[in-house]
Amino acid sequence: MYSEILANEHEKHEKIIGTLSKRFTTYGYKRIKTSAFERYDLYSNVRTSINQNEMIKVIDYTGEVLVLRPDVTIPLTQQLVQLNGNLPEEMRFYYVQEVFRQTFQENEKIGKTQAGVEYYCPSSPEADAETIMLACHALRDVGFSDVKIEIGYAGFFTELIADLQLTSEQTAELKTLIQAKNIVEIGPFLEQLSIDQTVKEVLEQLPLLYGAPADVFERLLNLQVSDSVQQAIEYLQETYKIVELYGLKKHIVIDLGLINHMGYYSGIIFQGYVENFGKPVLMGGRYDALSEEFGIKLPAVGFACEIDSLVKAATHKELTERYSIDITVFYEESRMKYAIDITNELREREYRVISKPMKHPLQIQDSLYTIHLTQQQNQLVEEETTEFVDFKHLLDLIVRKKGVPEWTI
């Protein structure tokens with residue numbers, strides 16, 4: 001019984017990875033891999049890197065300190081930079097890899113599978129909106145209907161505190177209070193600091209700048225902010241307008257108190273939630289300055305899904321597909337060759353197909369369509385039975401019945 005549970009869990013894990021990978025390729029992404037071990041210096045020398053206490057360190061035979069891959073974005077960016085700058089203006093990559101971080105929490109695994117995309121391109125609302133669309137599309141593909149994407153702007157907080165003389169400890173505490181939307185303690189904390197009253201008022205408002213885009217943008221009109229902060233707001237508004245064109249209005253929440261723990265994000269940031277699961281299952285954003293740590297300008301936007309979180313979220317609802325097979329082909333012995341030909345052609349078009357000799361009574365199959373090949377006729381069976389004359393006719397029928405997947409708003 002325990003082995004069956006493990007097998008089901010693994011099957012769900014692999015099914016989600018397959019679904020995400022397929023969706024990424026439809027947006028033009030190509031799969032890449034980075035090394036499981038990286039030099040410790042790669043992360044320790046990057047100012048915007050992850051917490052070094054979270055890294056799993058090992059020592060190789062030469063005495064050099066290595067770390068188990070805690071992140072994919074940093075080593076991939078370095079690899080691209082090392083290609084001597086002979087890079088196209090736009091590159092799209094996706095990955096499915098383990099990342100390893102010390103969590104210091106009970107029952108939390110050190111190694112977690114992530115599936116993500118890295119879109120290297122000039123900063124623009126169009127590129128960011130498309131990436132947010134892909135994030136939403138991917139979660140919908142997995143089977144979740146109530147998807148929420150919270151969008152913030154990393155530069156908003158950074159610009160607000162840019163001229164403040166805050167220590168790293170004070171900055172970290174302020175971030176924690178804003179992320180927790182701790183309205184009660186933010187005021188007293190800011191009172192201890194000698195900062196401009198206007199900036200103080202905006203910082204106090206940050207946890208409240210959360211909700212429906214129209215409401216948040218309206219509240220922003222009443223705030224006095226610097227020109228750089230105003231530019232960040234306008235960029236966010238322009239991105240949202242394009243996101244709305246994609247038909248995602250009901251899926252979007254604006255959260256200007258959103259602060260990602262990965263320090264390299266510099267512009268739009270976002271995280272994805274699904275129904276009945278309290279933690280984000282997807283996190284990402286724009287990181288235009290990361291490549292400059294390696295001496296070249298290579299702006300990018302991307303996100304990563306935690307597969308384990310998606311699997312856990314899937315336990316709260318039935319995400320298994322209605323059919324595990326697209327088409328089952330039943331054939332009489334005299335039609336075996338034709339059955340093999342049809343099966344191969346359908347698989348080449350990425351349909352999931354099995355074929356079986358015809359028996360009476362026919363076994364009920366877990367498939368969307370059934371094909372019956374007898375000496376007398378060829379039949380496609382779904383809710384009704386339709387005869388087809390050749391493979392092209394069969395494909396026309398399948399496409400006509402299945403239709404184009406509709407993006408339900």
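Visitor: Where does Q114 lie?

Guide: Q114 lies in strand β6, which covers residues 111-120. The model is a predicted one.

Visitor: Why is Q114 called buried?

Guide: Its relative accessible area is 9%. Buried means under 20%, so at 9% Q114 meets the definition.

Visitor: Which residues are in contact with Q114, leaving aside its neighbours within four places in sequence?

Guide: Contact means heavy atoms within 4.5 Å. By that rule Q114 is in contact with Y95, V96, Q97, V99, R101, A304, C305 and E306.

Visitor: What makes β6 largely enclosed by the rest of the structure?

Guide: 10 of the 10 residues of β6 are buried, so the strand counts as largely enclosed. In a regular strand, side chains alternate between the two faces of the sheet. In β6 both faces are covered. On one side G111, T113, A115, V117 and Y119 are buried, and on the other K112, Q114, G116, E118 and Y120 are buried.

Visitor: How do you know that β5 and β6 pair?

Guide: Two strands pair if at least two bridges are found between them. Strand β5 (residues 91-100) and β6 have 10 bridges, so the condition is met, and the sense is antiparallel. As one position in this pairing, E98 stands opposite T113 in β6.

Visitor: What joins β6 to strand β12?

Guide: 7 bridges do, and β6 and β12 (residues 300-306) run antiparallel. The bridge partner of G116 in β12 is A304.

Visitor: Which residues does UniProt list for "binding site"?

Guide: The unreviewed UniProt entry lists D71, V72, T73, R101, Q114, E118, Y264 and Y265. One of these, Y264, is found in the loop between β9 (252-255) and β10 (268-273).

Visitor: Is Y264 buried or exposed?

Guide: Buried means under 20% relative accessible area. Y264 has 4%, so Y264 is buried.

Visitor: Why is S21 called buried?

Guide: S21 has 9% relative accessibility, under the 20% limit, so S21 counts as buried. S21 lies in helix α1 (residues 2-26), and the S21 side chain reaches the backbone oxygen of I17 at 2.9 Å. Leaving aside neighbours within four places in sequence, S21 is in contact with Y94 and V96.

Visitor: Which strands are the edge strands of the open sheet of 5 strands?

Guide: That sheet has the order β14-β13-β15-β16-β17, with mixed pairing. Its edge strands are β14 (353-357) and β17 (385-387), since each pairs on one side only. Strand β13 (residues 325-331) and strand β15 (residues 367-373) pair in the parallel sense over 6 bridges. Helix α12 (residues 336-348) packs on the sheet, touching β13, β14, β15 and β16 (378-381).

Visitor: What makes the link between S334 and Q375 a polar contact?

Guide: The limit for a pair of N or O atoms is 3.5 Å. The side chains of S334 and Q375 are joined at 2.6 Å, so the distance is within the limit. S334 lies in the loop between β13 and α12.

Visitor: How do you know which stretch to read with caution?

Guide: The protein chain averages a pLDDT of 84, and 89% of the residues score at least 70. Over residues 403-409 the pLDDT is below 50. Where pLDDT is low, the predicted coordinates should not be read in detail.

Note on methods
Residues are numbered from 1 along each chain as its sequence is written. This is a predicted model: local features need pLDDT of at least 70, side-chain atom pairs count only at pLDDT 80 or more; totals for chains, interfaces and linings use all residues. Side-chain values use heavy atoms; hydrogens and water are left out. Helices (H or I, at least four residues) and strands (E, at least two) are DSSP runs, numbered from the N terminus. Axes are lines fitted to C-alpha atoms, for helices over the stretch in contact, and angles run from 0 to 180 degrees between N-to-C directions. A polar contact is a pair of N or O atoms within 3.5 Å; within protein, one must be able to donate a hydrogen and the other to accept it, and residues adjacent in sequence count only if both atoms are side-chain atoms. Buried means under 20% relative accessible area, exposed over 50%, partly exposed in between (1.4 Å probe, protein chains only). pLDDT is the predictor's confidence in each residue, from 0 to 100. UniProt positions are given in the numbering used here, feature names are shortened, and annotations may be inferred rather than shown by experiment.
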